[in-house]
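Here is a short walk through one part of a protein model. Keep the sequence at hand as you read.

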Amino acid sequence: MKGRCARRPFAWGLALQVAATLFLAAAAAAQSALLDVEGMTFVGSRDGADDVLVRAETARFDTGEELAFLYTVHATVAASEGQFGFEVHCDSSELDLSSNDFIARGNVRGRTDGGRRFVADWVRYDHAEGLLFTDAPVLITDSAGSYRGGGFQYQVRERRFRLMGGASVVQEP
């Protein structure tokens, strides 16, 4: 009888250890779940104002990394409360849900405040800096004409646009 009682605390301890291990494994798996969504709209706000609005036909969320992988995307970012900053359409995007930063890829086309339009392979938006940029070749079109460059930087809050990397004028016949 003495031997049986001595084994029970060990068995209970082992059972608790196994249960805790299984619980921690399940919690870790839950933290890094992948969720598929159709017709997703993400709204990022600051100081009570919506300043990032991203819509996608389909999305996959990595809950552990706080990333959303979006497909067939339309994003709009406000310069400040109620003021337009820029919009982007693209084939796919990666959105950081904790920072509101994103990168748009594939057939990227967009428009900035003032009507300047751009086309590029990719653009990145740094939300904290309020900066939309690319170093990929870009075509810019505005009321004065069309320009090619090696990239651009757009300071959203200041509405300041800078064409980078050897800009040239596109002349149409």
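What follows goes from strands to a single threonine, and then to a group of aromatic rings.

The model is a predicted one. Begin with strand β7, which covers residues 131-134. Strand β6 spans residues 117-126 and pairs with β7. The two are antiparallel, and 3 bridges connect them. For one point of reference, find Y125: this residue sits opposite L132 in β7.

Now look at the turn. The hairpin of β6 and β7 has 4 residues between its strands. There, G130 adopts a positive phi near 65°.

Strand β7 has another partner. Strand β10, residues 151-155, is joined to β7 by 4 bridges. This pairing is antiparallel too. Here F133 of β7 has Q153 of β10 as its bridge partner. One general point helps when reading such strands. Side chains in a regular strand alternate between the two faces of the sheet.

Next, stay in β7 and move to T134, which lies in this strand. Is T134 buried or exposed? Its relative accessibility is 4%. The cut-off for buried is under 20%, so T134 counts as buried.

What does the side chain of T134 reach? One of its polar atoms lies 2.7 Å from the backbone oxygen of W122. The T134 side chain also reaches the backbone nitrogen of A136, at 3.0 Å. Then set aside the neighbours within four places in sequence. T134 is in contact with A120, W122 and V123, and also with G150, G151 and F152.

F152 leads on to the rings. How many aromatic pairs does a search of the whole structure find? The search gives 6. In one pair, F152 and F161, the ring centres are 5.1 Å apart and the planes meet at 15°, so this pair is stacked. F152 and F161 are both buried.

F161 also pairs with Y154. This time the arrangement is tilted, with 6.0 Å from centre to centre and 45° between the planes. Y154 is buried, and so is F161. Both descriptions rest on the same kind of values: a pair of aromatic rings is described by the distance of the centres and the angle of the planes.

Finally, step back to the group. Ring pairs link F152, Y154 and F161 with F118 into a cluster. To retrace the route, start at T134 in β7, follow its contact to F152, and go on from F152 to F161 through their stacked rings.

Methods: Residues numbered from 1 in each chain as written. Predicted model: local features only at pLDDT ≥ 70, side-chain atom pairs only at ≥ 80, totals over all residues. Heavy atoms only, no water. Pairing = 2+ DSSP bridges. Buried < 20%, exposed > 50% of the residue type's maximum accessible area, 1.4 Å probe, protein only. Polar contact = N/O pair within 3.5 Å; in protein donor to acceptor, adjacent residues only side chain to side chain. Contact = heavy atoms within 4.5 Å. Phe/Tyr/Trp six-rings, centres within 6.5 Å; stacked < 30°, edge-to-face > 60°.
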